[in-house]
Amino acid sequence: MQFTILECQNPECKFRFSVDLSTKYPNLCPSCKSPLHEVEPRFQSAKVNRPQINPKLPRVEVLLDNIRSTFNVGAMFRSCDGAQINHVHLCGTCPTPDHPKIKKTGLGAEYTVPWTYHKNGKTAVENMKNSGFQIWSLEGGIDAIPLFEYPPPDPLIPVLLVVGNEVTGVDPGILKLSDRIVYLPMMGQKESLNVAIAFGIAVYFMRFKAR
């Protein structure tokens with residue numbers, strides 16, 4: 001896939017943007033309707049180097065409980081693919097990858113990460129805990145500790161990271177089952193990040209801190 005940069009030739013406008021050469025793109029500036037010209041050599045998207053897979057990394061699975069937004073779930077699948085999360089558990093009202101809107105943000109990651117659907121998130125967590133998983137919940141509250149103050153997961157103990165509903169957070173019943181309750185520090189006026197962004201930070205910390 002090749003791209004180029006187009007720039008408006010009107011000196012009072014100079015609107016500049018990138019286009020995918022495999023798709024239709026305008027000949028006139030979207031802002032002022034003046035002619036557009038390619039102003040950079042054609043290029044391909046940059047690729048990042050893939051780290052070598054470390055067999056000593058802990059097994060990390062995630063449980064998404066009652067996430068409402070298909071776009072959030074799709075973005076979370078993409079983070080799971082990037083951080084090589086072993087399995088995704090979708091619970092309650094979470095949309096599953098057969099929903100067409102998930103494809104818009106998942107971009108195929110919904111097919112690369114194994115997943116299972118459970119009607120009851122608390123029961124799913126209980127089963128995981130009984131099978132030897134340590135339960136980490138991403139949530140605030142008086143019992144929560146900043147994620148970055150924790151040591152990385154023990155490579156010998158599998159971890160289940162739980163993320164709850166965008167508004168109500170993690171189910172209180174699941175919080176009672178949690179071994180760790182962690183949160184991301186907020187330095188501004190808002191109390192939390194978008195759930196998909198917070199989730200992405202958490203899974204990358206858990207993966208790469210362990211490296």
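In which sense do strand 5 and strand 10 pair, and over how many bridges? They pair in the parallel sense, over 5 bridges. The legends below describe a predicted model.

**Figure 1. The whole chain.**
This overview of the predicted model shows 6 helices and 11 strands. The chain has 211 residues, and 41% of them are buried. Contacts between residues at least 6 apart in sequence were sorted by separation. Of these, 76% join residues at least 24 apart.

**Figure 2. The open sheet holds 7 strands.**
The strand order is 7-6-5-10-8-11-9, and the pairing is parallel. Strand 7 (115-118) and strand 9 (145-146) form the edges. Each of these two strands pairs on one side only. Strands of a sheet pair through backbone hydrogen bonds, either parallel or antiparallel.

**Figure 3. Strand 5 and its two neighbours.**
Strand 5 spans residues 60-65. Strand 10 (residues 159-163) pairs with strand 5 over 5 bridges, in the parallel sense. Here E61 has L160 of strand 10 as its bridge partner. Strand 6 (residues 87-91) also pairs with strand 5 in the parallel sense, over 5 bridges. In this pairing L63 is matched with H89 of strand 6.

**Figure 4. Side chains of strand 5.**
Which residues of strand 5 point one way, and which the other? V60, V62 and L64 point one way. E61, L63 and D65 point the other way. In a regular strand the side chains alternate between the two faces of the sheet. Are the residues on the two sides of strand 5 buried or exposed? All are buried, E61 and D65 included. The count for strand 5 is 6 buried residues of 6, so the strand is mostly covered.

**Figure 5. Strand 6 against the edge strand 7.**
Strand 6 and strand 7 run parallel and are joined by 4 bridges. C91 has H118 of strand 7 as its bridge partner. Strand 7 is an edge strand, with pairing on one side only.

**Figure 6. Helix 1 and helix 4 on the sheet strands.**
Helix 1 lies across strand 5, strand 6, strand 7 and strand 10. Its direction is at about 160° to strand 6. Helix 4 (residues 121-130) lies across strand 5, strand 6, strand 7, strand 8 (134-138) and strand 10. Helix 4 runs at about 160° to strand 5.

**Figure 7. Helix 1 packs against helix 6.**
Helix 1 covers residues 70-82, and helix 6 covers residues 195-209. Their axes come within 9 Å and cross at roughly 10°. Helix 1 is therefore roughly parallel to helix 6. The crossing is right-handed. From helix 1, the contact residues are N72, A75, M76, S79, C80 and G82. They meet V195, A196, F199, G200, V203 and Y204 in helix 6. The residues of this contact divide into 8 nonpolar, 4 polar and no charged.

**Figure 8. Two exposed loop residues, P41 and G141.**
P41 sits in the loop between strand 3 (36-38) and strand 4 (43-44). P41 counts as exposed because its relative accessibility is 63%, and the cut-off for exposed is over 50%. T4 is 37 residues from P41 in sequence. In space, their C-alpha atoms are 6.8 Å apart. G141 is placed in the loop between strand 8 and strand 9. With 58% relative accessibility, G141 also counts as exposed. G141 and V182 are separated by 41 residues in sequence. Their C-alpha to C-alpha distance is 9.1 Å.

**Figure 9. Two lysines with positive phi, K14 and K33.**
Most residues other than glycine have a negative phi, and most peptide bonds are trans. K14 has a positive phi, near 60°. K14 is found in the loop between strand 1 (2-8) and strand 2 (16-20). Is K14 buried, partly exposed or exposed? Its relative accessible area is 42%, so K14 is partly exposed. K33 has a positive phi of about 70°, although it is not a glycine. The loop between strand 2 and strand 3 holds K33. K33 is exposed, with a relative accessible area of 56%.

How values were computed
Residues numbered from 1 in each chain as written. Predicted model: local features only at pLDDT ≥ 70, side-chain atom pairs only at ≥ 80, totals over all residues. Heavy atoms only, no water. Axes fitted to C-alpha atoms, helices over the stretch in contact; angles between N-to-C directions. Parallel < 35°, antiparallel > 145°, perpendicular 65-115°, else oblique. Left-handed = near helix turned anticlockwise from the far one by under 90°. Contact = heavy atoms within 4.5 Å. Nonpolar A, V, L, I, M, F, W, Y, C, P; charged D, E, K, R; others polar. Buried < 20%, exposed > 50% of the residue type's maximum accessible area, 1.4 Å probe, protein only. Pairing = 2+ DSSP bridges.
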